[in-house]
Amino acid sequence: MRAFFVAGTDTDAGKTTVTAALLRAFAKAGVPALAVKPVQTGCMETKDGLEAPDVACWKRAGGEGRALFTFRVPCSPHLAAQLDGARLDVATLAEACRKAVAEEGVTLFEGAGGLYVPLNEKENMLDLMRELRFPVLLVVANRLGCLNHALLSLDALEQAGLSAAGMVLCRPVPPSHVDAGTSPEAEELILGDNARRLAEEGARRGVPLLADIPYEENFSASDGNCWDAMAARLGNAVSVLAAPQKEDERTKERLAFDREHLWHPYTSALKPLPVREAAGALGARLFLADGTSLVDGMSSWWCRVHGYGNQRLVRALQRQAARLSHVMFGGLTHEPAVELCRRLLTLLPSGLEHVFLADSGSVAVEVSMKMALQYWQSAGRGEKCRFVALRGAYHGDTLGAMSLCDPVTGMHSLFSGVLAKQIFVERPTCRFDEPYRKESFVPMEETLRAHAGEVAAVVVEPVVQGAGGMWFYHPEYLRNLRTLCDELGVLLIADEIATGFGRTGKMFACDFAGVTPDIMCVGKALTGGMMTLSAVAATRNVASVISGADAAHGGGVFMHGPTFMGNPLACAVACASLDELCASPWQEKVEHIRQKLEAGLASCRAVPGVTDVRVLGAIGVVEMDKGVDVEAWQDFFVYRGVWIRPFGRTVYVMPPFVVSDEELETLSQAMLAAVRSAAKHGGTPQRG
Ligand SMILES: *Cc1c(COP(=O)(O)O)cnc(C)c1O
């Protein structure tokens with residue numbers, strides 16, 4: 001079973017003729033083949049309904065096929081649909097196309113017009129092709145402008161992430177009509193040169209020119225001999241398109257290599273847990289190499305808020321890559337960095353005014369710690385060099401950040417000789433959705449009062465403790481903390497790397513409490529999860545104390561400067577991601593996801609083994625009484641069509657904001673099925 005999309009460089013490029021001839025060629029080669037026209041315009045009314053002209057043409061060549069959506073007027077699909085009182089959309093079309101793929105042999109989906117032909121007011125043919133992800137056979141009209149059209153189309157396919165299986169050149173214009181006044185010899189020269197150049201360009205891009213079909217065969221096409229002649233020229237195309245897929249073997253080989261040489265997160269190099277190959281992703285869905293489609297409940301570790309393949313982000317990256325992909329940030333600046341900072345300042349809690357760009361979340365945490373240390377150095381209080389952190393926290397995997405992570409789950413014992421000894425306070429016991437209890441702040445208050453003289457900063461994940469256990473606590477705790485830090489002269493660092501940019505229902509979790517930390521770290525969703533980038537924002541006070549220091553206290557410069565600081569690609573994507581977020585009704589979407597998760601996960605509460613179910617913003621958590629077998633749970637989830645990777649006792653989802661209701665339902669149902677199955681089978685879900 002293989003499917004291809006037959007696209008043209010233009011309207012009247014010869015797609016239908018080529019498709020018809022291909023059907024005949026496949027038949028001659030003994031390969032079952034079927035053609036499908038997703039949208040057919042210009043249909044004739046007959047007593048049996050609308051007759052699709054392209055299907056009629058395929059039939060003349062002895063081929064089989066059908067049209068899915070048919071309209072009367074011969075014009076662009078969006079307009080033809082409108083004139084017949086209908087509206088096309090990619091989701092419906094794609095669904096119909098997928099159902100039309102033949103079980104056996106080759107299915108050819110023939111487009112309408114060129115790649116950018118509109119299907120409705122915002123979607124076009126290329127969007128349908130991206131959704132279907134079939135390799136593309138590009139039919140190129142050999143006439144003046146041929147190379148230009150063909151190369152632009154190849155660029156567009158590449159930018160859409162589609163692979164081109166090959167090109168077929170055909171001549172839709174009768175000889176001597178290439179251009180008034182060209183002699184037949186000159187014309188032969190021009191068209192022949194087109195073919196040569198196209199073959200060369202194609203070879204450079206790995207897209208073979210599979211056939212060059214002359215005019216005569218192309219259009220005196222009603223008799224069988226003529227189709228046979230044309231089919232004979234398509235031998236190459238048939239062998240390429242019908243060639244057995246080697247992808248399974250290639251994937252197997254890569255996975256074997258991966259197992260031997262690639263170290264995955266938190267795994268053994270010698271006995272790694274199995275991994276799967278991701279081959280693509282679109283919206284809230286991941287596609288594995290074996291064709292499995294999964295609803296992504298993880299947002300790739302919480303960062304892909306806009307899902308995958310978002311065109312605004314893709315284009316921002318491509319545009320910036322072509323202009324200035326990287327340049328050192330020492331002594332130079334650039335538009336993407338400035339624009340990103342401008343956007344951040346409008347979103348961040350007021351008072352944060354100076355932005356330091358860093359490479360990743362962990363590095364941002366390191367930078368924030370160094371800022372706090374240098375702040376006290378600069379102020380002549382170098383003895384204030386320890387940090388207070390919460391139990392159950394996660395702040396990253398580098399040494400400094402790790403010293404702030406929960407001392408038990410953060411495995412401090414492994415690195416006890418090396419990690420800085422920080423001061424830990426029990427995690428806030430006041431839950432997010434319960435009335436605030438002042439007593440819950442007592443442990444923090446006692447600790448801070450006892451240690452204020454040696455503490456540079458308190459570091460917290462505001463409201464949501466993420467990778468340390470998905471714990472949601474009351475925003476009032478943060479307000480108390482802000483007040484106490486001010487009273488005692490301790491800086492407050494908010495690690496918003498997981499919570500930032502809407503995940504909790506607020507732009508930042510600090511917004512629940514209306515507090516401005518002295519230093520804030522953001523990362524993960526900053527770029528919509530497309531690139532690694534983080535930022536550390538500081539108040540004017542922090543920046544001016546550090547910058548005002550004399551030579552003995554740091555010299556007034558902040559001592560950090562990574563090679564890829566302010567990487568223009570990452571900054572450009574971050575700008576696009578923030579624009580996308582701000583242009584969307586994200587508060588409503590997150591609230592909608594919250595309600596759906598609340599409803600969808602509620603039944604988990606009653607299942608034995610489940611100790612808690614909690615939802616905040618677009619985060620849904622089911623907590624188990626025992627640590628789970630990650631591999632077994634993940635297997636179960638993949639079998640159920642979702643990508644959910646639990647940790648410890650926590651089974652959770654954090655879907656992209658673009659997730660549909662149906663996809664949310666799939667996620668919730670899979671969670672419920674997993675805990676039910678686990679309850680039946682001693683804590684580990686079993687398929688079937
Ligand atoms: C993920 C995370 C980090 C670390 O970010 P990386 O980009 O993985 O280094 C730090 N703090 C919090 C709260 C996080 O969730």
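# Ligand Shell, Salt Bridges and Cysteines in a Predicted Model

An oxygen atom of the ligand lies 2.8 Å from a polar backbone atom of glycine 361. The structure described here is a predicted model. This report begins with the surroundings of the ligand and then turns to salt bridges, cysteines and two loop residues.

## The ligand and its shell

Which residues surround the ligand? The shell consists of Trp302, Ser360, Gly361, Ser362, Tyr394, His395, Gly396, Glu461, Asp495, Ile497, Ala498 and Lys524. By character, these shell residues divide into four nonpolar, five polar and three charged.

Some members of the shell place polar atoms beside atoms of the ligand. The contact of glycine 361 comes from its backbone, whereas serine 362 and aspartate 495 each contribute a polar side-chain atom. The table gives the distances.

| Residue | Part of the residue | Ligand atom | Distance |
|---|---|---|---|
| Glycine 361 | polar backbone atom | oxygen | 2.8 Å |
| Serine 362 | polar side-chain atom | oxygen | 2.6 Å |
| Aspartate 495 | polar side-chain atom | nitrogen | 2.6 Å |

How much of the accessible area of the ligand does the protein cover? On its own, the ligand has 380 Å² of accessible area, and the protein covers 83% of that area.

## Salt bridges

Side chains of opposite charge can pair when their charged atoms come close. In this model, the count comes to 44 salt bridges. Three of them are described here in turn.

One salt bridge is formed by arginine 24 and aspartate 228, whose closest N and O atoms are 2.5 Å apart. Arginine 24 belongs to helix H1 (residues 15-28) and aspartate 228 to helix H9 (residues 224-232), so this pair ties together parts that are 204 residues apart in sequence. Are the two partners buried or partly exposed? Arginine 24 is buried, with a relative accessible area of 18%, while aspartate 228 is partly exposed at 24%.

Another salt bridge lies within a single helix. The side chains of glutamate 201 and arginine 205 meet at 3.7 Å, N to O. These residues are four residues apart in helix H7 (residues 184-205), and therefore about one helical turn separates glutamate 201 from arginine 205. Glutamate 201 is buried, with a relative accessible area of 15%, and arginine 205 is partly exposed, with a relative accessibility of 29%.

A further salt bridge links lysine 596 with aspartate 661, with the closest N and O atoms 4.0 Å apart. Because lysine 596 sits in helix H22 (residues 586-601) and aspartate 661 in helix H24 (residues 661-680), the pair ties together parts that are 65 residues apart in sequence. Lysine 596 is partly exposed, with a relative accessible area of 35%; aspartate 661 is also partly exposed, at 37%.

Salt bridges can also share partners. In this way, Arg431, Asp612, Arg614, Glu623 and Arg649 are joined into one network.

## Cysteines without a disulfide

How many disulfides does the structure hold? The number is zero. Cysteine 170 takes part in no disulfide, and the nearest cysteine sulfur, which belongs to cysteine 146, is 9.9 Å away. Cysteine 170 is buried, with a relative accessible area of 0%.

Why is cysteine 510 not bonded to cysteine 521? The closest cysteine sulfur to that of cysteine 510 is the one in cysteine 521, and their separation of 11 Å is too far for a bond. A disulfide requires the two sulfur atoms to be within 2.5 Å. Cysteine 510 is buried as well, with a relative accessible area of 1%.

## Two buried loop residues

Where is serine 403 placed? Serine 403 is in the loop between helix H16 (399-402) and strand S15 (423-425). With 1% relative accessibility, serine 403 counts as buried. The side chain of serine 403 has a contact of 2.6 Å with the backbone oxygen of glycine 400. The side chain of serine 403 is also joined to that of glutamine 422 by a polar contact of 2.9 Å.

Alanine 618 occupies the loop between strand S22 (610-616) and strand S23 (619-624). With a relative accessibility of 0%, alanine 618 counts as buried. Along the chain, alanine 618 and valine 653 are 35 residues apart, and their C-alpha atoms are separated by 8.1 Å.

Notes. Residues numbered from 1 in each chain as written. Predicted model: local features only at pLDDT ≥ 70, side-chain atom pairs only at ≥ 80, totals over all residues. Heavy atoms only, no water. Buried < 20%, exposed > 50% of the residue type's maximum accessible area, 1.4 Å probe, protein only. Near = heavy atom within 4 Å. Polar contact = N/O pair within 3.5 Å; in protein donor to acceptor, adjacent residues only side chain to side chain. Areas by Shrake-Rupley, 256 points an atom, 1.4 Å probe, with all protein chains shown as cover. Nonpolar A, V, L, I, M, F, W, Y, C, P; charged D, E, K, R; others polar.
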